[in-house]
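Hello,

Here is the structure I promised to pass on to you. Have a look at it first, and then read my notes below.

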Amino acid sequence: MLQIVNFSKTYKGGKRAVDGLSLEVNSGDIFGFIGHNGAGKTTTIRAIAGVLNFEEGDILIDGVSIKRDPVYCKKVTAYIPDNPDLYEHLSGIAYLNFIGDIYEVEKSDRRHLIEKYADAFELTSNLGDSISSYSHGMKQKLAIISALIHSPKLLVLDEPFVGLDPKAAHTLKGIMAQMCKNGSAIFFSTHVLEVAEKLCNRIGIIKNGKLVAYGPTQEVTGDSSLEDVFMELVETKQP
Ligand SMILES: Nc1ncnc2c1ncn2[C@@H]1O[C@H](COP(=O)(O)OP(=O)(O)OP(=O)(O)O)[C@@H](O)[C@H]1O
C-alpha cells in the first residue's frame with residue numbers, strides 16, 4: 001500500500017533530514033516509525049501526505065507515485081498531523097461535512113460514520129460548537145474523525161497519542177486495529193515505545209535520517225524490549 005523508494009530530503013540551507021530511506025507498508029500492517037527528536041519522522045510523514053515536495057526518490061501509494069498522480073494518492077490517504085490546523089470558525093459538524101464533501105463521502109454513509117466515530121470519541125455533544133472553543137484534545141479527536149469518515153486505504157498519523165486522554169487513546173488503538181483487519185494500512189510515528197511494541201506488527205527506527213532497523217516487530221526486538229533495542233541503536237555512535 002505504501003512504498004518509499006530511496007527517499008531523501010534536503011531542506012533549503014543544506015540540512016539533509018532524510019537520507020536514502022526505503023520501506024514498505026502493506027495492506028493490513030500497522031507500521032510504527034520511531035526515532036529521536038529531529039531524526040526525520042515528520043519530514044517523511046509530510047512527504048507521504050503530499051504536503052512536502054521532494055526531488056530525490058519516490059513514494060508510491062496503492063502502487064501510484066505521488067509525483068505522477070498526487071490527487072489519487074491524496075484521495076486514498078488520510079493524514080493527521082501532530083498539531084492539526086482546523087478551520088476554527090466552523091462548528092465541528094460543519095468541518096466534518098466539509099471534509100465529507102471534499103472526499104465525496106455519500107451522505108448516508110457520512111451520517112452513519114460521523115455518529116459512530118463521534119460517539120466513540122465522546123464528541124457528539126460538542127459537534128455543534130465552534131472549533132475555536134475546543135480544547136487541544138478535542139481538536140485532535142475531530143481531526144481523527146475527519147480522517148476516518150472517508151475510509152482511507154492508508155492512514156498516516158504523526159504522534160497520534162500525544163494530547164489524547166487514556167480513553168480516547170484506547171479507542172483510537174481499537175479503531176486502528178479494526179481498520180487493518182479490514183485491509184487498510186497504517187503508518188504512524190511515536191515516541192511511546194510500549195505502544196509501538198504492542199500495536200505494531202512492523203516497525204522502523206530512523207536515526208539521523210537513515211533507517212537503522214526495520215521489519216516485523218518481533219524480529220527487530222528479538223529477546224529484548226523495543227526500548228532496549230532503541231536505546232542501543234540511538235546511542236551507538238556512527239562511524
Ligand atoms: N523546514 C525546515 N527547514 C530546515 N530544516 C528543517 C525543517 N524542518 C525540519 N528540519 C530539520 O530536519 C531534521 C528532521 O526534522 P523532523 O521534523 O523530520 O524530525 P522528527 O523526527 O519529526 O523530530 P521530532 O521527534 O522532534 O518531531 C531536523 O534536524 C530539523 O531541524
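Let me start with a pair of residues you can find quickly: Thr77 has Leu154 in S7 as its bridge partner. Strand S6 and strand S7 (residues 154–158) run parallel and are joined by four bridges. Please keep in mind that this is a predicted model. The protein chain has a mean pLDDT of 92, with 98% of its residues at 70 or more. For the complex, the predictor reports an ipTM of 0.97 and a pTM of 0.91.

On to the sheet that holds this pair. S6 and S7 belong to an open sheet of six strands, ordered S6-S7-S8-S3-S9-S10, and its pairing is mixed. At the edges are strand S6 (77–80) and strand S10 (210–216), each of which pairs on one side only. Ignoring direction, neighbouring strands in this sheet are turned by 15° against each other on average.

At the other end of that order, strand S9 (residues 202–207) pairs with S10 in the antiparallel sense, over six bridges. If you want a landmark there, Ile205 sits opposite Ala213 in S10. S9 and S10 form a hairpin with two residues between the strands, and Asn208 in this hairpin adopts a positive phi near 50°.

A helix also packs on this sheet: H6 (residues 166–181) lies across strand S3 (30–35), S7 and strand S8 (185–189). The direction of H6 is at about 145° to that of S8.

Now for the other sheet. This one is open too, with four strands in the order S2-S1-S4-S5 and antiparallel pairing. Strand S2 (16–25) and strand S5 (64–65) are at its edges and have a single partner strand each, so one side of each lacks a neighbour in the sheet. Between S1 and S2 there are six bridges, and the two strands run antiparallel. Within that pair, Phe7 is found opposite Leu21 in S2. The S1 and S2 hairpin has five residues between its strands, and Gly13 there takes a positive phi near 100°.

On the S5 side, strand S4 (residues 56–61) pairs with S5 through two bridges, again in the antiparallel sense. Ile61 is the residue opposite Val64 in S5. Helix H1 lies across strand S1 (2–10), S2 and S4, and runs at about 120° to S1.

Which residues surround the ligand? The shell consists of Tyr11, Gly13, Lys15, Ala17, Gly35, Asn37, Gly38, Ala39, Gly40, Lys41, Thr42 and Thr43. Sorted by class, there are three nonpolar, seven polar and two charged residues in this shell. Helix H1 (residues 41–48) contributes the most to the shell, giving three residues. Two of the elements described above therefore come up again here, so to speak: Gly13, with its positive phi in the S1 and S2 hairpin, is among the residues around the ligand, and H1, which lies across S1, S2 and S4, supplies three of them.

Finally, a word on the annotation. The UniProt record, an unreviewed entry, lists residues 2–233 as "domain: ABC transporter". Over residues 2–233, the chain is 38% helix and 26% strand, and the C-alpha atoms at the two ends are 25 Å apart.

I hope these notes help you find your way around the model.

Best wishes

Note on methods
Residues are numbered from 1 along each chain as its sequence is written. This is a predicted model: local features need pLDDT of at least 70, side-chain atom pairs count only at pLDDT 80 or more; totals for chains, interfaces and linings use all residues. pLDDT is the predictor's confidence in each residue, from 0 to 100. A residue is near a molecule or strand if its C-beta atom, placed from the backbone, lies within 6 Å of it. Ala, Val, Leu, Ile, Met, Phe, Trp, Tyr, Cys and Pro count as nonpolar, Asp, Glu, Lys and Arg as charged, and the others, Gly among them, as polar. Two strands pair if DSSP finds at least two bridges between them. Two residues are in contact if their C-beta atoms, placed from the backbone, lie within 7 Å. Axes are lines fitted to C-alpha atoms, for helices over the stretch in contact, and angles run from 0 to 180 degrees between N-to-C directions. UniProt positions are given in the numbering used here, feature names are shortened, and annotations may be inferred rather than shown by experiment.
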